[in-house]
Amino acid sequence: MRIVLSGGGTAGHINPALALAEVLIERGHEVMYAGTPNGVESKLVPAAGIPFKGFEAAGFDRSHPLSLAKGLRKISKSSKLAVKWFLEIRPDVVVVFGGYVCLPVAQAAKRMDIPVVIHEQNSVMGMANDFISKDATAVCLTYKAAGHGVKDQSKVLVTGNPVRSSVLKATREEGRDYLGIPQDATMLLVFGGSLGARHINTALVAMKDQLLAMDNVYVVHITGPKELDTVTEALSLTDEEKKRYFAMGYQDHMGETLAAADLVVSRAGASSLAEISARCIPSVLIPFPYATADHQTVNASEYVGRGAAVLIEDDKVEDPEFANKVFGLLRNPEERAKMSEAAASFETQDAANKLGDVVELVGLERKNK
């Protein structure tokens, strides 16, 4: 089958699409990708060796009619171009992951009677996916709660959020060797998403001395590129401290880094949670409070409810409660083991295959009509 994937705007839409692409290609299908010409997907997708087609799409603010009109014009134009592209490549299925670019792609698929599969990563469905869900053949979810607004519940399935094989396949030993951390050490991994998180960074700086006073504890602190200089200056690490506290702006070997971790401090974005649960790592989650519909808090609540994580509100990160939670978990391997077992209940490791099964079934049903 020939399958078109679409998603843009953030790595949270693109990474699960690339994870699905790996599975589909392994199963012998041809995969292409439709995204925005200048978005992050325009770099990540070709780097993964997948043919890429760019379509203009823009967001809009309903309270500003001019932005709405401009956005709709772009979507209409791109929809016509997508129809022309589909006439050339004749896809069997289109899979959308969110972002405005999915709107013209899904519209083109509807005009050509090509089935559309939606994947929603978050606990609250995004605007584009919500709109497309009315005509979609299947709506695949990470969290059941995201599908409450879908009228036809028969097409709703919970598959989990796909994670790329590079995250799944890395071993603890490989991660420790890559980072230069002893196999018997306790490793704390801290990251705030692709851009970092100032509150988290500030809190970790204040905790540095106590963390390094703990026996055999190592810290990998991914600050975000824009925060690295500020954090490095505030940490003021000695040469001896640098042997156990690693500050970096970005880490492009997240598979190995996650595999090495005993405890994670993170935001609660969809991709971060998927990777954390795929590796079954206990976590302290700090949802970004300004995410649309506060979806990061809803995301995190699923993990807290199952006992896989603890939640600290963003405005409480610099309070003693946060530090005490982190220190307590670092000192308690038994509690971490219980949280790790709970994280495994999300079955994220098989999410890409489950989604792949749905896509194949939809494609076969179309061929058999």
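## Two nonpolar cores

In this predicted model, the largest nonpolar core has 33 residues, and Val4, Trp85, Phe86, Val94, Ile132 and Val139 touch the most other members. Several elements give two or more residues to this core: the strands β2 (30–35), β4 (93–96), β5 (116–120) and β6 (138–141), together with the helices α3 (65–89), α4 (102–111) and α5 (127–132). If you would like a second place to look, a separate core of 30 residues includes Ala197, Leu212, Val284 and Val317.

Val4 is a handy residue to start from when you explore the first core. Leaving aside residues up to four places away in sequence, Val4 touches Met32, Ala34, Trp85, Phe86, Ile89, Pro91, Val93, Val94 and Val95. Two of these partners, Trp85 and Phe86, are also listed with Val4 among the residues that touch the most other core members.

## Strand β1 and its partner

Strand β1 covers residues 2–6 and is mostly covered, with 4 of its 5 residues buried. Its link to β2 consists of 5 bridges, and the two strands run parallel. To find the pairing on screen, begin at Arg2, whose bridge partner in β2 is Glu30.

## Asp92, a buried acidic residue

Asp92 sits in the loop between α3 and β4. Is Asp92 buried or exposed? Its relative accessible area is 11%, and because buried means under 20%, Asp92 counts as buried. Beyond residues up to four places away in sequence, Asp92 touches Met1, Arg2, Ile114, Pro115, Arg366 and Lys367.

## The six-stranded sheet

Further along the chain there is an open sheet of 6 strands, with parallel pairing and the order β10-β9-β8-β11-β12-β13. The edges belong to β10 (245–248) and β13 (309–311); each has a single partner strand, so one side of each is left without a neighbour in the sheet. On average, neighbouring strands here are turned by 15° against each other, ignoring direction.

Within this sheet, β8 (residues 186–191) and β9 (residues 217–222) run parallel and are joined by 6 bridges. Leu188 offers a way in: its bridge partner in β9 is Val219. As you follow these strands, keep in mind that side chains in a regular strand alternate between the two faces of the sheet.

## Two helix pairs

Helix α8 (residues 198–213) packs against helix α9 (residues 228–235) at an angle of about 20°, and their axes are 9 Å apart. That angle makes α8 roughly parallel to α9, and their crossing is right-handed. Where they meet, α8 brings Asn201, Val205 and Lys208, while α9 brings Val231, Ala234 and Leu235.

The other pair is α11 (residues 270–278) with α12 (residues 295–305), packed at an angle of about 20° with axes 10 Å apart. These helices are roughly parallel too, but the crossing of α11 and α12 is left-handed. Ala270, Leu273, Ala274 and Ser277 in α11 meet Asn299, Ala300 and Tyr303 in α12.

## Glu174 and a distant part of the chain

Glu174 belongs to helix α7 (residues 172–179). With 43% relative accessibility, Glu174 counts as partly exposed. What distance separates the C-alpha atoms of Glu174 and Ala259? They are 7.9 Å from each other, although the two residues are 85 residues apart along the chain.

Conventions: Residues numbered from 1 in each chain as written. Predicted model: local features only at pLDDT ≥ 70, side-chain atom pairs only at ≥ 80, totals over all residues. Heavy atoms only, no water. Pairing = 2+ DSSP bridges. Axes fitted to C-alpha atoms, helices over the stretch in contact; angles between N-to-C directions. Core = buried A, V, L, I, M, F, W, Y, C linked by side-chain atoms within 4.5 Å. Buried < 20%, exposed > 50% of the residue type's maximum accessible area, 1.4 Å probe, protein only. Contact = heavy atoms within 4.5 Å. Parallel < 35°, antiparallel > 145°, perpendicular 65-115°, else oblique. Left-handed = near helix turned anticlockwise from the far one by under 90°.
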